[in-house]
Amino acid sequence: MQSLGREQFAAVVAHEFGHFGGGDARFSGWIYRVRTSWYRLLDALAAQRSGLNAAFVKFFGWYAPYFDAYSFALARAAEYRADAEAAKAVGPRVVGEALVRCELGALRLQREFWPALERSIPERAAPPPGLYRDMAASLRDAGDPAWLPQLLARAADYEDTHPTLAQRLAALGVEPGAAPAPAQSAAEALLGDLLPALEARFSEDWRQGVAPVWEERHRQHAQDVARLEALEGATSRTADEAVEFARLSAALRPEADALALFRAALARAPDRADAHGQLGALLLERGDATGIGHLKEAMRLDPGCTELALHHLELHYRRVGDDAGLDEVRARWARLDAERARSAHARGVLTLRDAFLPHGLDAAQLAALEAALAGVGGIGAAWVARKRIDADPDGLPHFVLLLKWRGLVARESAKLQAVADALALPGSFVVVTGSGRRIVARRVKKAAGEPLRPGR
């Protein structure tokens, strides 16, 4: 409503009603329910000791891409039908103008508005007021004229739920062209005096929601600046400090030669996955395909880098039109999904085959854990160990907390849930008692060492 004129906004409303009129809402609901059912089934099997789990994960890895591809194709056909219905109501030209302005507005927010807001975090200790008012001003601007050809040149992809802008305009029979900014927005025309009140309300909701993260990032920036200055003033740096110096320089010094700094850091610390990942991403952003090797090395050294590395590789392969590279990335995404399913399964069960390690928590974390258990009450002793998760793609620790009650507990499941709700551990965890699992309990105790005694 803020970016479109009244006629153009009517085109958007007509498009949405077009989905209902064509039965697309029922179709979309069915597709959503089917997709949700598959993923619920995957989660349910992952939480059980099911011998079918591995077979299902393999099947799902094969089936899901086909299901998504076909359902996305049907979704794109539904968008064409809804556009046609909107054109009957307000005319093809107005629908085309609405499509162009929506695409340009989204691109303006992505390229200018949100990055500018991000850049203000170091200077502002708290989020700014009036976000929705400022966003409206950005949306009403026509934007860079060069953006429209870029949007029209975007290639179609089978993973898109919507056709491209060029395809939708062609289907409407409308010549591509920049739509002028409206003299009065639909928000101004239809909301009147309510508009500033809504802008203020939504802006304040946003401020409250992002304030903790914003303030933490502001503090972190000040710490990073101080740390970079300390590293700059040091007479020598360790290999790890060389990587840290490259990372902070790339983030805080736009004029720094980040490529040279990361190359120098990797010469001293060749096994640092994060340095390979950042150098690879920088190289690909500059169109240098040697970055591919660095991203693959980052994934090899640290599986936790896989998701971010695949994201950069996918962007690069799309940009250069490398279909073979895209197929390789999609296959790796499928393997990552399967690995996560196996990891979720391992986190949901305790078996005699499990191996346990020392928890690795520091004194402050142990003290916080003991205080949380004391707050629940009724716990005589607690042992915490870390379960080994093989081939975990995210490297997230998984803790097993073994409890011994102090006295009788009437509703043990409710008590275990109360304990789980009170905990905040740096990873996933499961809370159990030794009842019915004496061998596992003995192994957990051995790995845990001295128990916590929150009842003291």
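Student: What is the relative accessible area of Asp-134?
Tutor: The model is predicted. Buried ends at 20% and exposed begins over 50%. Asp-134 lies in between, so it counts as partly exposed, with a relative accessible area of 33%.

Student: Which residue forms a salt bridge with Asp-134?
Tutor: Side chains of opposite charge can pair when their charged atoms come close. Here the closest N and O atoms are 3.2 Å apart. The partner is partly exposed, with a relative accessible area of 47%. Asp-134 forms this salt bridge with Arg-133.

Student: How many salt bridges does the structure hold?
Tutor: The pair Arg-133 and Asp-134 is one of them. The structure's total is 23.

Student: How far apart are the closest N and O atoms of Arg-272 and Asp-274?
Tutor: Arg-272 is partly exposed at 24%. Asp-274 is partly exposed too, at 29%. A salt bridge requires a distance within 4 Å. This pair forms one, with the closest N and O atoms at 2.7 Å.

Student: Is Glu-339 buried or exposed?
Tutor: Glu-339 meets Arg-332 in a salt bridge, 4.0 Å from N to O. Arg-332 has a relative accessible area of 16%, so it is buried. The cut-off for buried is under 20%. Glu-339 has 18% relative accessibility, so it counts as buried.

Student: Which residues are joined into one network by salt bridges that share partners?
Tutor: A shared partner links one salt bridge to the next in this network. The residues joined are Glu-79, Asp-83 and Arg-168.

Student: Which residues touch the most other members of the largest nonpolar core?
Tutor: This core has 19 residues. Those touching the most other members are Val-95, Leu-99, Val-100, Leu-165, Leu-169 and Leu-172.

Student: Which element gives the most residues to this core?
Tutor: Helices H1 (6-21), H3 (53-90), H4 (92-119), H6 (147-152) and H7 (165-172) each give two or more. One of them gives 7 residues, the most. That element is H4.

Student: Which residues does Leu-165 touch, not counting residues up to four places away in sequence?
Tutor: Contact here means heavy atoms within 4.5 Å. By that test, Leu-165 touches Leu-99, Val-100, Glu-103, Leu-148, Leu-151 and Leu-152.

Student: How many residues are in the other core?
Tutor: This core lies apart from the one just described. Its members include Leu-361, Leu-373, Val-384 and Leu-452. Its residue count is 17.

Student: With which side chain does the side chain of Gln-8 make a polar contact?
Tutor: Gln-8 sits in helix H1. Its relative accessibility is 6%, so it counts as buried. Beyond four places in sequence, its contacts are Val-94, Glu-97, Ala-98, Arg-101, Ala-179 and Pro-180. The polar contact, at 3.3 Å, is with the side chain of Glu-97.

Student: What is the relative accessibility of Phe-17?
Tutor: Phe-17 is also placed in helix H1. With Val-13 and Phe-20, Phe-17 forms a nonpolar surface patch of about 330 Å² accessible area together. Phe-17 counts as exposed because its relative accessibility is 59%.

Student: Which backbone oxygen does the side chain of Ser-120 reach?
Tutor: Ser-120 is in the loop between H4 and helix H5 (131-140). Its relative accessible area is 16%, so it is buried. At 2.6 Å, its side chain reaches the backbone oxygen of Leu-117.

Student: What distance separates the C-alpha atoms of Leu-357 and Arg-443?
Tutor: Leu-357 lies in strand S1 (residues 356-358) and is partly exposed at 28%. Outside four places in sequence, Leu-357 touches Ala-385, Arg-386, Arg-388 and Ala-447. Leu-357 and Arg-443 are 86 residues apart along the chain, yet their C-alpha atoms are separated by 9.3 Å.

Student: What share of contacts between residues at least 6 apart in sequence join residues at least 24 apart?
Tutor: The protein chain has 18 helices and 4 strands. Of its contacts between residues at least 6 apart, those joining residues at least 24 apart make up 70%.

Student: What percentage of the 456 residues is buried?
Tutor: The chain's accessible surface comes to about 25100 Å², with 56% belonging to carbon and sulfur atoms. Buried residues make up a share of 39%.

Notes. Residues numbered from 1 in each chain as written. Predicted model: local features only at pLDDT ≥ 70, side-chain atom pairs only at ≥ 80, totals over all residues. Heavy atoms only, no water. Core = buried A, V, L, I, M, F, W, Y, C linked by side-chain atoms within 4.5 Å. Buried < 20%, exposed > 50% of the residue type's maximum accessible area, 1.4 Å probe, protein only. Patch = residues over 30% accessible without salt bridge, like charges linked within 9 Å, V, L, I, M, F, W, Y side chains within 5 Å. Areas by Shrake-Rupley, 256 points an atom, 1.4 Å probe, with all protein chains shown as cover. Salt bridge = Lys/Arg side-chain N within 4 Å of Asp/Glu carboxyl O. Polar contact = N/O pair within 3.5 Å; in protein donor to acceptor, adjacent residues only side chain to side chain.
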